[in-house]
Protein chains: 2
Amino acid sequence: MKLDWKQVPYFEGLAYCNVRLVEDAARYHHYSAGAVIFAEGDRCAGFHVVLDGLVRLYRMNSEGRLHTLSLLRPLSTFNEVAAADGGPNPFNAVAVTQVEALVISHDRLKQLMVSEPALLTSYVGALAHLNRDYIERLEDMTFRSIPSRLAKLFLHETTYADQIAETPTNLTQEEIAAILGTTREVVGRALRGLMNAGLLAKRGRYVYVVDRHGLELLAETNTLPERERIPRR
Amino acid sequence: MKLDWKQVPYFEGLAYCNVRLVEDAARYHHYSAGAVIFAEGDRCAGFHVVLDGLVRLYRMNSEGRLHTLSLLRPLSTFNEVAAADGGPNPFNAVAVTQVEALVISHDRLKQLMVSEPALLTSYVGALAHLNRDYIERLEDMTFRSIPSRLAKLFLHETTYADQIAETPTNLTQEEIAAILGTTREVVGRALRGLMNAGLLAKRGRYVYVVDRHGLELLAETNTLPERERIPRR
DNA sequence: TTCCAAATCCAACAAAAGTTCCAGAAATTG
DNA sequence: CAATTTCTGGAACTTTTGTTGGATTTGGAA
């Protein structure tokens with residue numbers, strides 16, 4: 001249950017202050033694979049730090065389609081927002097594998113923030129970063145086509161780098177679809193598209209990047225570079 | 001230049017602490033209609049409070065289509081994120097009308113936060129709220145059809161309530177399109193759709209809500225309630 | 001190895017969104 | 001009040017995304 005805060009993104013500052021207080025505030029939790037950690041809309045479940053395992057944050061719409069916001073592995077943190085304002089959790093969290101986590105309740109966090117300014121400062125940084133991330137995702141959803149989003153996922157640049165734990169390669173088409181906010185079939189099509197555009201290739205069931213530059217172009221401009229047509233005669 | 005912080009959303013707390021310090025840190029700025037307040041990607045422009053006028057925050061994609069993130073009137077605040085972490089501005093800000101604003105630079109803000117814990121606390125609240133807002137918008141973009149988003153805009157529920165200053169009625173189709181992240185024609189079509197579904201109606205150039213409940217249903221479930229067909233005979 | 005469940009491929013189709021184009025209506029302004 | 005610009009209406013079309021369903025492949029478990 002020893003946690004080196006220097007390794008926790010955006011909370012490194014805590015390593016240099018009274019960590020004892022923070023550690024006393026935290027409760028250790030264990031979840032078995034598939035367990036619900038908390039549900040969207042439920043009363044604030046507090047601030048979480050993943051110590052071990054894989055956590056999925058997601059939203060679901062009225063028709064049952066789901067949107068994976070992030071796949072988190074140690075030492076990621078989540079539910080900063082609800083923990084900060086004490087409001088309902090803004091998404092669902094489930095343990096994909098067995099998960100160990102530290103949890104600090106909203107009330108404890110409030111107390112802590114008064115006594116530990118370093119925590120408050122860290123928190124502002126973490127929230128600011130989260131915000132930037134969501135703005136980026138919002139633009140991805142408003143402007144980018146699915147092939148373009150897929151390219152971005154494979155490059156796992158900025159937006160996804162922090163948030164998605166697995167290489168796209170290890171994800172099923174179903175899971176990629178949930179991340180991109182679309183359906184399995186569409187992802188399959190897009191994958192095939194990128195493959196015969198020569199940007200990706202498959203060796204067995206393993207998909208890998210062939211043309212990084214081409215992917216970047218697609219991710220940025222939303223267009224595939226014009227393929228040379230093989231002249232008919 | 002006197003500002004009553006009790007009226008500024010999420011910064012009411014400041015009214016009860018040393019406001020003098022905050023006010024000394026703030027610079028007064030004036031922008032004429034159409035002026036650029038700051039640009040996306042530029043070095044941090046600081047924390048802004050709208051004292052008068054109308055401000056548009058927007059993003060633009062590589063093809064030149066634009067997405068209006070918010071239309072702000074007094075006493076809204078903006079650019080909290082960049083002001084917090086000192087990073088580049090995450091969007092563009094322009095003065096739609098003449099604008100008066102208070103601006104606190106990142107450096108000054110950092111100093112202030114050390115001496116004024118109330119500001120830090122307010123800031124955490126403001127960032128948390130922003131985050132919730134972006135998560136909501138992200139889901140709108142991933143899950144909702146354009147008619148559904150349009151319905152939501154007309155109800156201007158949660159998501160848009162804080163962010164969009166004007167009634168949809170006063171907006172041109174072009175502006176609505178930029179808010180919903182689509183094009184003018186599509187908005188026109190959707191408007192016509194909602195009108196002959198009996199949810200909206202027009203009196204002259206003024207569009208008004210006829211069936212609030214129907215709009216809510218559309219906003220929530222993404223489907224129009226099945227119209228009764230008039231039997232042919 | 002054999003079998004099963006999961007994952008994938010692929011085609012054909014349906015629906016939604018984006019594009020192009022042009023004609024009118026409304027507002028603004030000289 | 002004309003002239004000009006801005007905004008709206010709407011048709012026809014293209015592209016993208018979503019849906020359905022069946023055929024195949026694959027990786028493990030028995």
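This text walks through a predicted model of two protein chains and two DNA strands.

Start with chain A. Its 233 residues fall into two domains, with domain 1 covering 5-137 and domain 2 covering 144-221. The centres of domain 1 of chain A and domain 2 of chain A, taken over C-alpha atoms, lie 27 Å apart. Along its principal axes, the C-alpha trace of chain A spans about 80 × 35 × 30 Å. Chain A contains 9 helices and 10 strands. Of its residues, 41% count as buried. Now take the contacts in chain A between residues at least 6 apart in sequence. Of these, 67% join residues at least 24 apart.

One residue gives a local view of chain A. Leu119(A) sits in helix H4, which runs over residues 117-143. Is Leu119(A) buried or exposed? A residue needs 20 or more other C-beta atoms within 10 Å to count as buried. Leu119(A) has 24 C-beta neighbours inside 10 Å, so it counts as buried. Leaving out residues up to four places away in sequence, Leu119(A) touches Leu14(A), Val22(A), Leu112(A) and Met113(A). Phe47(A) is 72 residues from Leu119(A) along the chain, and the C-alpha atoms of the two are separated by 12 Å.

Next comes the interface between the chains. Here 31 residues of chain B are in contact with 31 residues of chain A. On the chain B side, helix H2 (80-85), helix H4 (117-143) and helix H9 (212-221) each give two or more residues. Which of these elements gives the most? H4(B) does, with 18 residues. By class, the side of chain B that touches chain A holds 14 nonpolar, 10 polar and 7 charged residues.

Now turn to the DNA. Around DNA strand D there are 16 residues. The closest are Ser145(A), Thr182(A) and Glu185(A), along with Thr172(B) and Gln173(B). Both chains supply helices to this surface. From chain A, helix H5 (146-155) and helix H8 (184-196) each supply at least two residues. From chain B, helix H7 (173-180) and helix H8 (184-196) do so. The largest share comes from H8(B), with 4 residues. The surface near DNA strand D has 7 polar, 5 charged and 4 nonpolar residues.

H5(A) deserves a second look. Why is this helix described as largely enclosed by the rest of the structure? Because 8 of its 10 residues are buried. The buried residues of H5(A) are Pro147(A), Ser148(A), Arg149(A), Leu150(A), Ala151(A), Lys152(A), Leu153(A) and Phe154(A). H5(A) is also one of the helices that supply the surface near DNA strand D.

DNA strand C has 15 residues around it. Thr172(A), Gln173(A), Ser145(B), Thr182(B) and Glu185(B) come nearest. Chain A gives two or more residues from each of helix H7 (173-180) and H8. Chain B does so from helix H5 (146-155) and H8. Here H8(A) gives the most, with 4 residues. By class, the surface near DNA strand C has 6 polar, 5 charged and 4 nonpolar residues.

Set the two DNA surfaces side by side. Near strand D, Ser145, Thr182 and Glu185 come from chain A, and Thr172 and Gln173 from chain B. Near strand C, Thr172 and Gln173 come from chain A, and Ser145, Thr182 and Glu185 from chain B. H8(B) leads at strand D, and H8(A) leads at strand C.

Methods:
Residues are numbered from 1 along each chain as its sequence is written. Chains are lettered from A and ligands numbered from 1 in the order in which they are written. This is a predicted model: local features need pLDDT of at least 70, side-chain atom pairs count only at pLDDT 80 or more; totals for chains, interfaces and linings use all residues. Domain bounds come from an automatic or database domain assignment. A residue is buried if 20 or more other C-beta atoms lie within 10 Å of its own, exposed if 12 or fewer, and partly exposed in between; C-beta atoms are placed from the backbone. Two residues are in contact if their C-beta atoms, placed from the backbone, lie within 7 Å. A residue is near a molecule or strand if its C-beta atom, placed from the backbone, lies within 6 Å of it. Ala, Val, Leu, Ile, Met, Phe, Trp, Tyr, Cys and Pro count as nonpolar, Asp, Glu, Lys and Arg as charged, and the others, Gly among them, as polar.
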